[in-house]
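Dear colleague,

I am handing over the structure we spoke about, so that you can look at it alongside my notes. Please keep it open while you read.

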Amino acid sequence: MAAEPFRPAEAIPHREPARLDTLTPEERSARMALVRSRDTKPELRVRRFLHGRGLRYRLHQRVAGARPDLVFPARRTVVFVHGCIWHRHPDPACPLTRTPKSRTEFWTAKFAENVARDARQQAALEAAGWRVLVIWECETGDAARLAGLARAIAGDGRDRERDAAE
Ligand SMILES: [Zn+2]
């Protein structure tokens, strides 16, 4: 009789967000802190892509009371790379957005605060004359979506050298 094939734990696919409701409170807050951290994989993917397109940016600079992930000062443009769970990607086709099944009320309130804060920050940035672009975590693996973002950033007709020189 053949033995079960050995399957290292690393080979078993799992999605972190799906496990939120199985964590202890300590593990959960550690996980949520991770979700909120900077220099996340989606953010690095966006940075690499834009850098490859010759776009130069500043990271996490404070602008109009917000701290966008990428700031293009000469283009008066900021980019947020939003985690789909934490910032509630409104696209019903989003494969990542979900709400933990335990403490649902707590999470629903928390997420609502995040969405309200995002809206406030976007309004403040726009009032200060900044263009606000958002790319969602689930879109950062999509080359066409990244190319669209690069075009949106560069599309105001100003040359790239200005940003590069800053
Ligand atoms: Zn999404």
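Below is what was found, beginning with a pair of helices and then turning to the core and to one residue of a helix.

Please bear in mind throughout that this is a predicted model. Two packed helices are described by the angle between their axes and by the distance between those axes. Here helix α2, which covers residues 41–52, packs with helix α5, residues 143–154, at an angle of about 60 degrees, and their axes are 10 Å apart. α2 is therefore oblique to α5, and the crossing of these two helices is right-handed. On the side of α2 the contact is made by Val 46, Phe 49 and Leu 50, while α5 brings Leu 146, Ala 150 and Ile 153 to it. Of the residues in this contact, 6 are nonpolar, and none is polar or charged.

The largest nonpolar core has 21 residues, and those that touch the most other members are Tyr 57, Leu 70, Val 78, Val 79, Ile 135 and Ile 153. Two or more residues of this core come from each of α2, β2, β3, α3, β4 and α5, and β3 gives the most, with 4 residues. If neighbours within four places in sequence are left aside, Ile 135 is in contact with Val 46, Val 79, Val 81, Thr 140, Arg 145 and Leu 149.

Finally, is Arg 47 of helix α2 buried, exposed or partly exposed? Arg 47 has 18 other C-beta atoms within 10 Å, and because a residue needs 20 or more to count as buried and 12 or fewer to count as exposed, Arg 47 is partly exposed.

With best wishes

Key
Residues numbered from 1 in each chain as written. Predicted model: local features only at pLDDT ≥ 70, side-chain atom pairs only at ≥ 80, totals over all residues. Axes fitted to C-alpha atoms, helices over the stretch in contact; angles between N-to-C directions. Parallel < 35°, antiparallel > 145°, perpendicular 65-115°, else oblique. Left-handed = near helix turned anticlockwise from the far one by under 90°. Contact = placed C-beta atoms within 7 Å. Nonpolar A, V, L, I, M, F, W, Y, C, P; charged D, E, K, R; others polar. Core = buried A, V, L, I, M, F, W, Y, C linked by C-beta atoms within 7 Å.
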